[in-house]
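Biologist: Hey, can you walk me through this one? I'd like to see how the inside is put together.
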Amino acid sequence: MAIMRALTKHLKSPKAFGDLASVDGSTNPRAQFAVHNPSTGELLAQLPDMQAADVVIAIDRADAAREHWAALTARERSDILWKWQQLIVNHSDDLAAILTCEMGKPVAEAKSEIAHAAAYIKWYAEEANRVYGETIPAPSTDRRLIVIKQPVGVVGAITPWNFPASMVARKVAPALAAGCTVVLKPAEQTPLVAGAMIALAKTAGFLDGVLNLIYASDGIAIGKELCSNPKVRKISFTGSTEVGRLLMRQCSDQIKRISFELGGNAPFIVFDDADIDAAVDGAIQAKFRNGGQTCVSANRLYVQASVYHLFSERFTERVRQLRVGDGFMPDTAIGPLIDSHALAKIEAHVNDAVQKGAMVRCGGRRIGSTGTFFEPTVITNVVGSMRIAQEETFGPLAPIIRFDDPDQVIREANDTIYGLAAYFYASNLKRVWRVAEALEYGMVGINTGRMSSEAAPFGGVKQSGIGREGSRHGLEDYLEMKYLCMGGL
């Protein structure tokens, strides 16, 4: 199988992916942690479990390389990023196989994610050449006022398990393009594809110390060192709001720069003037992509009363057709949940809803005794007091909520601490503009269930995060602005 060939290349013959010697050591060589396939429970790898002392070494290496990397021309950094992007494209099948095996998503989705990761690297290879300053009209003839932009410095990047390839690219590529050096800690559940990508980066020609990888199971200890070490000037993190609060507190003593993409509780609103078939298609995409394990997954489906029955029937019928299974099976649409904790959470949400009067229209149960599979589930008669209406499920569970008043549904959609993504379907142009502007979210999908693009700013408001990734704005988060006042001219 492709996965076995890919894992063999990455773990046993690392030179097939590049020299890993600088990233796979540990100050405690006996400490290891296991990586398992969530579909089968199979042991994939035993990796060195790095400790805080290893993070200090990686930070020191990044700091030592910082000035040299920043001193390269933008074109020189761009050329290396281009080479990395091409290597990822050339190895996309192997990378996708590794991703599916450690995360579980269908291999077609994994290939799409690898292509998305390559697109981010390509974008920032181009953007590296467009870090512009400015000249400001001076108040007197003997002065010149100039603004330049310089790299922040050493960046600590912490990536999640649900998109273990694209999240690496989305954080690392702009940092490198800006002239920063990076210490990367991928999620302990899915470190293998990150390791393969970083190895390819080294083959592309990144200088020693520019890009450093930390394999570790203790994310709290690693995060604390990254946040407290004064040589790290910025933290970029994607994960839960709870962990984001912890990291933010740890960064506060040094007023460290941060970019956080945190939790979400995305509403998906279907108004009575919507194209119902298009709305069903969009809801399937927004809810069940990656098995519902996305930060922008539709978590609350609001449907106006006059089209509630029609939408519910068509949507439920489509969900019944979704095939669940191992990501390598050809017809699989939904893979496993990442682990047993995720399985327990979705079961708790279903049980809570049923106890409070909701109706399970399809699904609602785990599948088999091997792996962490759960049936794609639709629940109706949902009210605001249920956990599924208040919490992010992060699984293939779609609660449908009836509404009558368009103004009230906007208030309910906004009634959350989160503000990452929202979706709605409507035809009336006046309504489209009014709703788009009224929703308190960093991203709004209008008559579409997918909106992520390397060219657009990705991020949230309220407690869903700080800063943006992607687009030209994503590069600005890794640059400091410096004002130069030249007198005596």
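Biologist: Which residues have the most contacts inside the largest nonpolar core?
Modeller: Those are Trp84, Leu176 and Phe206, in a core of 93 residues. Keep in mind that this is a predicted model.
Biologist: Okay, and which helix gives the most to this core?
Modeller: That's helix α7, residues 192-204, which puts in 9 residues.
Biologist: Where does the core lie relative to the domains?
Modeller: Between them, because domain 1 (5-262 + 464-484) and domain 2 (267-446) both give residues to it. In soluble globular proteins, nonpolar side chains tend to be buried together.
Biologist: What does Trp84 touch?
Modeller: Leaving out residues up to four places away in sequence, Trp84 touches Ile121, Val172, Leu176, Met197, Leu200, Ala201, Ala204 and Phe206.
Biologist: And what about another core, apart from that one?
Modeller: There is one of 32 residues, and Ala283, Val319, Leu420 and Met443 are among them.
Biologist: Back to the domains. How many residues does each one bring to the contact?
Modeller: Domain 1 brings 24 residues and domain 2 brings 26 residues. Taken over C-alpha atoms, the centres of domain 1 and domain 2 are 31 Å apart.
Biologist: New topic: the sheet. What order do the 7 strands come in?
Modeller: The order is β12-β15-β16-β11-β10-β17-β18, in an open sheet with mixed pairing. β12 (359-362) and β18 (443-446) are the edges, and each has a single partner strand, so one side of each has no neighbour in the sheet. From one strand to the next, the twist averages 25 degrees.
Biologist: In which sense do β17 and β18 pair, parallel or antiparallel?
Modeller: Parallel, over 4 bridges, with β17 covering residues 421-425. One of the bridge pairs puts Ala421 opposite Met443 in β18.
Biologist: Which helices pack on the sheet?
Modeller: Helix α10 (residues 276-288) is one of them, touching β10, β11, β15, β16 and β17. The direction of α10 makes about 170 degrees with that of β10. Helix α12 (residues 340-355) packs there too, against β12, β15 and β16, and its direction makes about 35 degrees with that of β16.
Biologist: Let's zoom in on Ile379. Is that residue buried or exposed?
Modeller: Buried: its relative accessible area is 0%, and the cut-off for buried is under 20%. Ile379 is in strand β15.
Biologist: What's around Ile379?
Modeller: Not counting residues up to four places away in sequence, its contacts include Val350, Ala353, Met359, Val360 and Ile400. The C-alpha atoms of Ile379 and Ile401 are separated by 8.9 Å, and these two residues are 22 residues apart along the chain.
Biologist: Last one: Glu261. Where is it found?
Modeller: Glu261 is in strand β9, residues 257-261. 4 of the 5 residues of β9 are buried, and Glu261 counts as buried at 4% relative accessibility.
Biologist: Which side chain does the side chain of Glu261 have a polar contact with?
Modeller: With that of Arg170, at 2.6 Å. Once neighbours within four places in sequence are set aside, the contacts of Glu261 also include Met167, Phe237, Leu420 and Glu469.
Biologist: And which strand is β9 joined to by 5 bridges?
Modeller: That's β8 (residues 232-238), and the two run parallel. Glu261 has a part in this pairing, as the bridge partner of Thr238.

Methods
Residues numbered from 1 in each chain as written. Predicted model: local features only at pLDDT ≥ 70, side-chain atom pairs only at ≥ 80, totals over all residues. Heavy atoms only, no water. Pairing = 2+ DSSP bridges. Axes fitted to C-alpha atoms, helices over the stretch in contact; angles between N-to-C directions. Contact = heavy atoms within 4.5 Å. Core = buried A, V, L, I, M, F, W, Y, C linked by side-chain atoms within 4.5 Å. Buried < 20%, exposed > 50% of the residue type's maximum accessible area, 1.4 Å probe, protein only. Domains from an automatic or database assignment. Polar contact = N/O pair within 3.5 Å; in protein donor to acceptor, adjacent residues only side chain to side chain.
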